[in-house]
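Colleague: I am new to reading models like this one, so could you take me slowly through a single helix and its surroundings?

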Amino acid sequence: MKNVVFWGTRGSLPVALTANDVRQKIIAALTAANGKTFRNSGALNEFIDTLPFATRGTFGGHSSCVEIVSGGHEHIICDMGSGARPLGQSKIATYGAPNPQTYHIFISHLHWDHLMGFPYFTPMYLPGNRIIIHGCHPHIEAAFRLQMTAPCFPVDYSQAGAKIEFDVMTPGQTQYIAGVNVTPKLQLHAGDSYGYRFDSIDRSVVYSTDSEHKLESKEEHEGFVKFFAKADLVIFDAMYSLAEAVSVKADWGHSSNMVGVELCQAAKAKRLALFHHETMNDDNQLSRLLAETRRLEEITRHDHNPLEVISAYDGLTVAL
Ligand SMILES: [Zn+2]
Ligand SMILES: [Zn+2]
């Protein structure tokens, strides 16, 4: 496995920047420029790189969709949130049509924010493409058909040009798919969700979203430490801050930045990506959450190896 590309990182519902949000970023950038002049676009770009991420960028708004670039001929994707639309466009731009491709899509669960991008995933309309949807919910095919049934959507599921297959996996059982060993794990969430661990010869990635953790249970703690063990990257549901997760939002089916740090440290994982961002949090709040999480990692490090903490954003590519 080579890279992980984040196409959608927002939890529960896609969000967009407003005109006022953009204006605030422009004001912050011009204030920081403080009358400076720039010789060319190179100098301008250098200056932009010095600005905080919340000023020069945005975490983005598409719901969950993550691509694992294996380096092989077949594509590996986690979830079909609204980020599946730009992902599909990028594949069409790269491969053109007709140029049949095989897409392996791993579905964490059947909540709408994880499926809603599928009807906008252009490769599904192109004859010759093969799409294999892997998941652990026995009624996964029914859910995919349902969201493309009148009156919910104008195009019926039967209009798909690609060959679509479903593969119901068993939690804890490893399957060799697209050159990678894939192991699903049951997670605590309304209607159940599943995390996936991807192992190639020299790299491991864990995709674990929409998962609440009850770490007071020794068995549960040990199970996730094993699942995350020595992973190069753990993509983790950090929808809430610790304070929210233990108070008002306990039992809401999501986890926090702190739990992610604790599990990754115990598992000796190398990198933690905060993911499934709370819909209500703007770029400043998400930046603060990242800074707090990094600080927390430092003060709880003790004899652990440093854990690199990043916050996923739409368009981010992480080299493994
Ligand atoms: Zn979700
Ligand atoms: Zn969910």
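Modeller: Let us begin at the end of the helix, where Gly96, just after α4, takes a positive phi of about 65 degrees. This is a predicted model, in which local features need pLDDT of at least 70 and side-chain atom pairs count only at pLDDT 80 or more, while totals for chains, interfaces and linings use all residues. Residues are numbered from 1 along each chain as its sequence is written, and chains are lettered from A and ligands numbered from 1 in the order in which they are written.

Helix α4 (a DSSP run of H or I, at least four residues; strands are runs of E, at least two) covers residues 84-95, which makes 12 residues. From its first C-alpha to its last, α4 reaches 16 Å, close to the expected 16 Å (1.5 Å times one less than the number of residues).

Within α4, the residues Ala84, Arg85, Leu87, Gly88 and Lys91 are buried (20 or more other C-beta atoms within 10 Å of their own; exposed means 12 or fewer). These five residues lie on the same side of α4, because they cover an arc of only 165 degrees around the axis (taken from the directions from the axis to the C-beta atoms). The buried residues of α4 pack against three strands, namely β1 (3-8), β2 (65-69) and β3 (75-78), with contact meaning C-beta atoms within 7 Å. On the face of α4 turned away from that buried side, you will find Ala93 and Thr94, which are exposed.

For the wider setting, the chain is divided into domain 1 (3-16 + 58-312) and domain 2 (19-56), and the centres of domain 1 and domain 2, taken over C-alpha atoms, are separated by 32 Å; the bounds come from an automatic or database domain assignment.

Definitions and conventions: Contact = placed C-beta atoms within 7 Å.
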